[in-house]
Every structure is written in C-alpha cells, then in structure tokens.
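Here are a few short exercises to work through with the model open beside you. Try each task before reading its solution.

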Amino acid sequence: MLSNFEFSNPEFFWLFLALPVAIAWYLWKRKKQTPAVKISSIKGFKTSTSILPKLRPLLFILRLAALSLIIVALARPRNVDVSTKTKTTKGIDIVIAIDVSASMLAKDLRPNRLEALKKVASSFINGRPNDRIGLVEYAGESFTKTPITSDKSIVLSALKSIQYNSIIEGGTAIGMGLATGVNRIKDSKALSKVIILMTDGENNAGQIDPRIAAELAQEFGIKVYTIGMGTNGTALSPYARNPNGTFVYENIQVTIDEELLEEIAETTGGEYFRATNNKKLQEIYDEIDKLERTDVEEFKYTNYEEKYRPLVLLAGLLLMIELLLKYTVFKSFV
C-alpha cells in the first residue's frame, strides 16, 4: 500500500519551516498584548475561577493545525496504481529439431554435443516468453517430443529428458526430422514460422529426401535455420559398446553434409551455421534470437487517487471552529 503512495509536490513541505517562526511571533506578540498591573493587594477585587483565559492559546493551535494540513494538501498526497498491458503484434512459432543419434555423444563439445545443445537451447527457450515452441527428435526416424505450446515449463521439461536411446532406429534421417517439424508447424496461424534443425552428420536414413522436405517448408512459408554440430577434423566419438553397455570412444573423422544444410537454409530463407565448440553454439543461438524477434508493444496505465481533499476540508473545519470560538466563547478575551 505505502509503496504506491507519493507526494506529487513535495517541495511545499519547505513551508513547515515557517511554522516555528509563526510560533515565535505569536509568543512575542502575546507577551506584548498582555499588560501587567502592579497593585499592593487584591483583597478588594473579586477573583474569577474561569479557565477560559488559560485555554486562549487553543485558538492559535487550531490555526496552526489548519495551516499544517493545508501544507500537506499542497504537497498533493495520492495513491498511484500502475497497470501494464502487453500486446504481441507479431507472434513466432518455433520447432527445434534435434538429432539424437549416437554421434551426438561425441565429446568435442563439453560434456558432449547433445548436452551442450540442451543447455544452450534451454537458455534460448527461456528468452522467448512470447513465442510458442515445440520439439522434434530424430535419428534413423523422427517423432514429435512436444507440440508447439506457449507453456515453457512443458518444453523445458521435455528438452531436459531428451537423451540418446537405442529404441530409435540408428542413422541420421535429416529429411524425416525436417518433415516432422514442417508437419507440426505448417497449420500455425503465427505470422512467422521457424524450424531450427541441428545435426552432426549426413542424411543416411529415412524415406524422405531432405530437399523435398525443404521445398515443403518453403511452400508453407517456414524458415529453416540449420546448424552443423562438430569440430573440424576428428572428434572423440562412440563407435562400439562394452559388455556392460557403456560406449567405447575413439577419434573419428567429423563428417557433416554442409552443402545439404546450406541448401536447406537457402531454399527456405534461413541461414546455415557451424558449431565447432560450446561458445560458437551459444553465439549461433544468440544470432538466431536476434534474427527472429517477436514485436511486443507495452501499454502503461496510471490511475491517481488524490488524497488532499479530506485534508483541505479538515483544515477548513478547524478554521471555522477557531472563528466560532473567537467570536463566542473567547470574545471577552481576544
């Protein structure tokens, strides 16, 4: 409550400095206006027990209180209620298609490609409060992990749970992953539709040609940003399993079909990026974040509830009481 309270013209509080001067003037004037008569004895005079002369300063106190209230009223006390309304003028729907093949466990990105990707994608999702986002997983086949939704907690939870598993058919079906993303977003009513497609290999599985999927994306007005994951040269990658199920790693040549990824991006009006380390991957997502922004317009409404009127009315009442007492009860003394 107090956090919404303010004085519009606090400079008027300087007038309170005049009150001590008024008090000093009153005391000096009262002393001058009260003559003293010295006599040897008052036995011949009739004394009065009335307390009215002692209450006479009450008139000045009433006037002083009225002046104080007027000063506070001039400072304009008021409650301020500020409300905002956000209007999204351009919505963006985004599908993130993630390669979850075994090669995404390569350790050229820390701790591996998949975990590095999840961390950066999580930050990207948190930075898109006004957009709807969905997730697609693909390896040798593809499926929808999360349909496009504005509930970021659902998307982040689904992203966190993504991991390599042997249930999905092995291989890298780039065309299938892209086609699933297109199918998820093609009927969206958003003004902008985007797919972020990530892979660390070549298209070697699936029944859909990536170029056909790119043409479908173009037909539905979907922009595709492609990201090639992996260092230039070799990377410590899984190539076999131990009897206990853990992977055996060795340095394997990194092979990414960059020409295909560039063609997909060019066909759909997007861009191709190469993530060779964690920092570069973060920079790529930052760049996409800048390229695809939702226009948000914020309206602020301020409601002022003035509090000075009761103070003015109370000050006026005190002045009226002062005048009434001055010309009635204290008439003989002032």
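A contact here means heavy atoms within 4.5 Å. Keep in mind that this is a predicted model.

**Exercise 1. The overall fold**

Task: Find how many helices and strands the protein has, and what share of its contacts with a separation of 6 or more joins residues 24 or more positions apart.

Solution: Start with the secondary structure, which comes to 10 helices and 11 strands. Next, take the contacts with a separation of 6 or more: 80% of them are between residues 24 or more positions apart. Finally, look at burial: of the 334 residues, 37% count as buried.

**Exercise 2. Helix α10**

Task: Check the length of helix α10 (residues 308-326) against its number of residues, then work out where its buried residues sit.

Solution: First, the length. At 1.5 Å a residue, the 19 residues of α10 should span 27 Å, and the end C-alpha atoms are 27 Å apart, which agrees. Second, list the buried residues of α10: Leu 311, Ala 315, Leu 318, Glu 322 and Leu 325. These residues cover an arc of only 90° around the axis, so they lie on the same side of α10. The spacing fits a general rule: an α-helix has 3.6 residues a turn, so residues three or four places apart point the same way. Third, turn to the face away from the buried side, where Pro 310, Leu 313, Met 320 and Leu 324 are exposed.

**Exercise 3. Helix α5**

Task: Identify the buried residues of helix α5 (residues 152-161) and say what covers them.

Solution: The buried residues are Lys 152, Val 155, Ala 158 and Leu 159. They cover an arc of only 130° around the axis, which puts them on the same side of α5. Their cover includes β3 (92-99), α4 (113-126), β4 (132-138) and β5 (142-149).

**Exercise 4. The second largest pocket and strand β8**

Task: Describe the lining of the second largest pocket, then decide whether Leu 236 is buried, partly exposed or exposed.

Solution: The pocket holds about 410 Å³ of space. Its lining has 25 residues, with Ser 101, Ser 103, Thr 172, Asp 200 and Asn 204 nearest the centre. By class, the lining has 9 nonpolar, 12 polar and 4 charged residues. Strand β8 gives the most, with 3 residues.

Now take Leu 236, which lies in β8. Its relative accessibility is 35%, so Leu 236 counts as partly exposed. Leaving out residues up to four places away in sequence, Leu 236 touches Ala 106, Lys 107, Tyr 249, Glu 250 and Asn 251. The C-alpha atoms of Leu 236 and Ser 103 are 9.5 Å apart, although 133 residues separate the two along the chain.

Note on methods: Residues numbered from 1 in each chain as written. Predicted model: local features only at pLDDT ≥ 70, side-chain atom pairs only at ≥ 80, totals over all residues. Heavy atoms only, no water. Helix = DSSP H or I, 4+ residues; strand = E, 2+ residues; numbered from the N terminus. Expected span 1.5 Å × (residues − 1). Buried < 20%, exposed > 50% of the residue type's maximum accessible area, 1.4 Å probe, protein only. Arc of directions from axis to C-beta. 1 Å grid on protein atoms, 1.4 Å probe; cavity = no way out; pocket = protein on both sides within 12 Å on 5 of 7 lines; lining within 4 Å. Points joined across faces, edges and corners; volume = space filled by probe spheres on them. Nonpolar A, V, L, I, M, F, W, Y, C, P; charged D, E, K, R; others polar.
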